[in-house]
Amino acid sequence: MTLAARPHALEEIRNWLVGRAAFYLERPATAVDPSVPLVEYGLDSVYALAFCGDIEDEYDIVVEQTLAWDHPTVDAMAAHLHGILAGEQP
């Protein structure tokens with residue numbers, strides 16, 4: 001079973017995204033509020049593209065390069081990715 005075929009809990013996805021955001025923002029994961037737009041923390045376009053690459057590698061899916069702008073919070077991204085991984089979204 002590939003990683004993408006494995007069911008993913010929303011909380012698991014959210015926690016992974018918080019960890020990656022914290023890495024790029026150079027702050028502890030506990031300092032990243034998943035309901036705050038990442039741009040408010042200073043996430044720029046270079047890091048947003050790298051973030052997309054990390055998501056693609058982790059979940060073996062292809063995401064739009066505008067993911068961080070279309071779904072600006074970790075909560076929004078997690079919900080979107082959860083839908084994709086559950087086969088509910090293209």
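This passage describes the nonpolar core, one helix pair and one partly exposed residue of a predicted model. In this predicted model, local features need pLDDT of at least 70 and side-chain atom pairs count only at pLDDT 80 or more, while totals for chains, interfaces and linings use all residues. Residues are numbered from 1 along each chain as its sequence is written, and side-chain values use heavy atoms, without hydrogens and water.

The largest nonpolar core holds 26 residues. Such a core is a set of buried Ala, Val, Leu, Ile, Met, Phe, Trp, Tyr and Cys residues joined through side-chain atoms within 4.5 Å; buried means under 20% relative accessible area, exposed over 50%, partly exposed in between (1.4 Å probe, protein chains only). Leu-17, Leu-38, Phe-51 and Ile-55 touch the most other members. Two or more residues come from each of α1 (10–25), α2 (45–59), α3 (67–70) and α4 (74–85). Helices are DSSP runs (H or I, at least four residues), numbered from the N terminus. α1 gives the most, seven residues. Beyond four places in sequence, Leu-38 contacts (heavy atoms within 4.5 Å) Ala-21, Leu-25, Leu-43, Phe-51, Pro-72, Val-74 and Met-77.

The axes of α1 and α2, lines fitted to C-alpha atoms over the stretch in contact with angles from 0 to 180 degrees between N-to-C directions, come within 11 Å and cross at roughly 140°. α1 is therefore oblique to α2 (angles under 35 degrees count as roughly parallel, over 145 as roughly antiparallel, 65 to 115 as roughly perpendicular and the rest as oblique). From α1, residues including Trp-16 and Leu-17 meet α2 residues, among them Phe-51 and Ile-55.

Ser-45 lies in α2. Ser-45 counts as partly exposed because its relative accessibility is 44%. Its C-alpha atom is 9.1 Å from that of Thr-66, 21 residues apart along the chain.
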